[in-house]
Amino acid sequence: MIASPLPDLVGRQRECAALDDLLVGLREGASRVLVLRGEAGIGKSVLLEYVAAQASGLNVTRARGIEADMELPYASLHQLCAPFLDELEELPGPQRDALRVAFGMAAGDPPDRFLVGLAVLSLLSLLTRASEPRPLLVLVDDAQWLDQVSLQTLEFVARRLLAEAVAMVFAVRDPEGQAALGGLPELRIGGLDSAAAGELLEATVGGRLEQRVRDRFVAEMHGNPLALLEFSRGRSAAELAYGMDASSSPGVQGPVASRVEQDFAGRLVSLPEVTRTLLLIAAAEPVGDARLLVRAAASLKVTPDAAPAKAAGLIEFGESVRFRHPLVRSAVYHGAEPEERRAVHRALAEATDPVLDPDRRAWHAAQAADGPDEDVAAGLEQAADRARRRGGIAAEAVLLERATEVTPDPWPRGRRALAAAEAHFSAAAPDRASELAAVAEMYPLTALDRARLARLRARLLFARSRSDEAAPLLLEAAAQFTAAGSPLARETYLEAISATIFAGRVHGPTGARAAAIAARGSGAPSSGSLAADLLLDGVAALLTDGYETGVPALRDALEPLAREELGTREATVRWLLLAPVALEAFIHYAWDLHAWDTLSSRAVRLARDIGALGTLPPALIYAGGVHIHYGDFAKADRMIEEADAIAAATGHAPHKYAALVLAAWRGEADVAAALIEEATKRAVQRGEAGLLGAMGYIQGVLFNGLARYEEAMVAARTGVEHDGFNFTGLSLVEHVEAATRCGELDQARASLARLVELTRAADSGWARGASARSQALLTDGDEADRLYRTAIEEFGRGGVAVEVARSHLLYGEWLRRERHRALAREHLRTAHEMFAAMPAHAFAERARRELIATGEHVRTRSATPASTLTPQETQVATLAAEGMTNAQIGAELFISPHTVEWHLRKVYAKLGITSRRSLPDALAGAGSAGTVNAG
């Protein structure tokens, strides 16, 4: 691009100082990110020019979001990375391949978006450490118009810059870009103050203005520099004072951006027709390809003559074509007659290579259409399919929507409208999905398409409110699929069950049980997936026949679920949709931690493999829950942190269950209280009754750990009484313990009876341990002793380390009260060491107090070097200790190898070692520090 002359930055001392500081840090090797936000014309682009002009000695790469390019996945990212594509061969193979597919340089399945993000991060890091290393400055203008995938990728990179000498500065127009790049460091760019605005105005008109005239202009333009410059350009102070003021311009009462655009439009009138046509071609062609512009102009028999436009300060020509301001492009394009725009798009379609850029060719052809055209619609549908295979769901949605508009026949129009609605829903645009669903409803649809439409409407309702109002619509859709002979029937029944489970309703008229009964009575054909069929059979049996029948039926589904071959992306997506229902069933009814681990690990792996952004965070949350129960809180914390980071980067709501459970087991009362308050508020707002039910278990664990038994009893009873599919059994365990400690033995016995019934069918180590320990709390003598020992053994067999430690604690407490002090010390010491290592602070403190009561001296656990590691450092150190290379660790954690190296240097310093060979011993030694001495 040709740089614009940089105007004097009047009144921007604060902003320039911030950018100067950014460059100082970058030159010192630090990473920096800054988002400039403000309205159109406020000076964001000029500030980017300023920082570029100050970046001597740095590598600089730039991209600009273009509104017409928003539908093309990875288009803006390609623009940014294009100068460095020769370096692709230096990237690890998976990253290189993902980036090549994303940029259309190679064929293949849709790339994992996070692998693409990691590839870009690695590429930028590589450039700073080349043969002539220089820090890298990345400038992105009009970020609100980046295509969605590029925006997500660049946000991903920006959040993970740490040790790289890379700075990223984004300019975002508000209000269009309010949702973009949230949470990154930002600088709000407001209007100039009155003095600076007046100074800029008088400098432009070349003379002093009467105070009242100047003040009027400044007030009308709200200190917007572009508005002041463009309205005053070419006008003298006298002209502005005597009649040619803003009130003579059309639309003066409109927004500043509109007035600026209108002023640009006014300059176009005096240009020759051939020049206006050339500008219109440039405005319709978002890439800025000068050669393509020349080819399109030739097809319109226009001889390129840009001199008048350049003289008017509207456009610059070089290797690429660049408008002075996005509002110039807008003024040119929207000021043309519809037929003129269609002619230009037609010329651009003819000039665009059908092999190298078929999608943009199809888009131009669609914009050129002056009426329905099946060939154009079919071309757009093919482009949408290519976009979907590249992972561009938002582009797929827009292309299908345009295909709908130009489809002449009612049948394919309805089908395409429905497909566009489904794509918009997948792209997190539910309002547009609703509008297109209404369009689809106006046209003839097959029975199968009507069922798809019914399911889409139910999904839209569920997305807006997590209540069980969606269940009847999902049941209706499933019945329609059944009537149409579609295998989607059984999957839709599972969706209905999942919706009601999430909403926390099982027994009501629209509950999960009703869905299970309907599924059983449908006679629906096989879904083609043995796992899906067996899972639905198991869940239906669980809900309709009870635990004794349902749990064995669920176990029949475990092997196919864990091992089923998934040959296509669609099959994998369907499996991931089944996973939450399966996991909830195996956690809360089969009490099977090993199945939980197997299924959640597979869900994480599959979601990573296909880049399923919507399902990866919940899969990580489920996997984190496994490690909470294994007693590996650090690993659970890392998974929860990664899930939150991915959710934030992709605009998904965070999943609070695992974070709440972890805070409760850690006994962090203040942290847990804040999380519980936030989650409760969100659950009420969204109708997530299931989360409200889970609070009973979560608060039961927290308050039992803190020995606040009355609060634990009340909370756990809420979880027990809640009409939910999840957490009932776990709440029963908490309620039995709390009620026995409060002397409410009738309540405890009632909960024990339900727990024994619930766990009998499961017949797993976890279930048998929970039943035995809860019975021990209500038993005396030798039988209690036997039951406590059984609980320790069974929980150990089930792998539930937190419950093994807790059983040692409860057994030790009982032994002390039975005056078996020596044996009590043995179990209390074990409990204290296990809880301290996790660390479960409240339970560890409870064990410490009991040990002191036995006469044992307990040392305060001293901080080990490993305890000073941050979660990210711990994660890097653990993976390095397992033998992974820096590149492998970077790929696993979505950071660059350079950042891995930077973390390891800090880890070595904290642990007092010099190489990764010492890591296993250093980490193991830190984790096994003793804490108790016999008194």
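**Notes on the predicted fold**

1. Let's start at A296, which sits in helix 13 (residues 290-299); helices here are DSSP runs of H or I with at least four residues, strands are runs of E with at least two, and both are numbered from the N terminus. A296 is buried, with a relative accessibility of 0%. For that label, buried means under 20% relative accessible area, exposed means over 50%, and partly exposed is what falls in between, using a 1.4 Å probe and protein chains only. Once neighbours within four places in sequence are set aside, A296 has contacts with I281, A347, L348 and A351, where contact means heavy atoms within 4.5 Å. A296 and R346 have C-alpha atoms 8.7 Å apart, although 50 residues separate them in sequence.

2. A word on ground rules. This is a predicted model, with residues numbered from 1 along each chain as its sequence is written. Local features need pLDDT of at least 70 and side-chain atom pairs count only at pLDDT 80 or more, while totals for chains, interfaces and linings use all residues, and side-chain values use heavy atoms, leaving out hydrogens and water.

3. Now the overall picture. The chain has 935 residues, and 55% of them are buried. Its secondary structure comes to 46 helices and 9 strands. Take the contacts in the chain with a separation of 6 or more: 70% of them are between residues 24 or more positions apart.

4. Which residues of helix 26 and helix 27 meet each other? On the helix 26 side they are L530, A531, L534, L535, G538, V539, A541 and L542, and on the helix 27 side Y547, T549, G550, V551, A553, L554, D556, A557, P560 and L561. By class, this contact has 14 nonpolar, 3 polar and 1 charged residues. Here Ala, Val, Leu, Ile, Met, Phe, Trp, Tyr, Cys and Pro count as nonpolar, Asp, Glu, Lys and Arg as charged, and the others, Gly among them, as polar.

5. As for the geometry of that pair, the axes of helix 26 (residues 530-544) and helix 27 cross at roughly 165° and come within 7 Å. Axes are lines fitted to C-alpha atoms, for helices over the stretch in contact, and angles run from 0 to 180 degrees between N-to-C directions. Helix 26 and helix 27 are therefore roughly antiparallel; angles over 145 degrees get that name, those under 35 count as roughly parallel, 65 to 115 as roughly perpendicular and the rest as oblique. The crossing of helix 26 and helix 27 is left-handed, meaning that the near helix is turned anticlockwise from the far one by less than a right angle (clockwise would be right-handed).

6. Just past helix 27 is E564, in the loop between helix 27 (547-563) and helix 28 (569-588). Buried or exposed: which is E564? E564 is buried, since its relative accessibility is 17%. The C-alpha atoms of E564 and L530 are 8.1 Å apart, with the two positions 34 residues apart in sequence.

7. A second helix pair worth a look: helix 35 (residues 709-721) packs with helix 36 (residues 728-741) at an angle of about 150°, their axes 8 Å apart. That makes this pair, helix 35 and helix 36, roughly antiparallel. Helix 35 and helix 36 make a left-handed crossing. Helix 35 brings Y709, A712, M713, A716, R717, G719 and V720 to the contact, and helix 36 brings T728, S731, L732, E734, H735, E737, A738, A739 and R741. By class, the contact of helix 35 with helix 36 has 8 nonpolar, 4 polar and 4 charged residues.

8. Zoom in on H735, in helix 36. H735 is buried at 3% relative accessibility. Apart from neighbours within four places in sequence, H735 is in contact with M713, A716, R717, V720, Q747 and S751.

9. Two more residues to click on. S122, in helix 5 (residues 113-127), is buried, with a relative accessible area of 8%. S122 touches L91, Q95 and P897, not counting residues up to four places away in sequence. A307, in helix 14 (residues 307-311), is partly exposed, at 47% relative accessible area. A307 and T275 are 32 residues apart in sequence, and their C-alpha atoms are 8.3 Å apart.

10. Last, the cysteines. How many disulfides does the structure hold? It holds 0, taking a disulfide as a pair of cysteine sulfur atoms within 2.5 Å. C16 is buried, with a relative accessible area of 10%, and C81 is also buried, at 1%.
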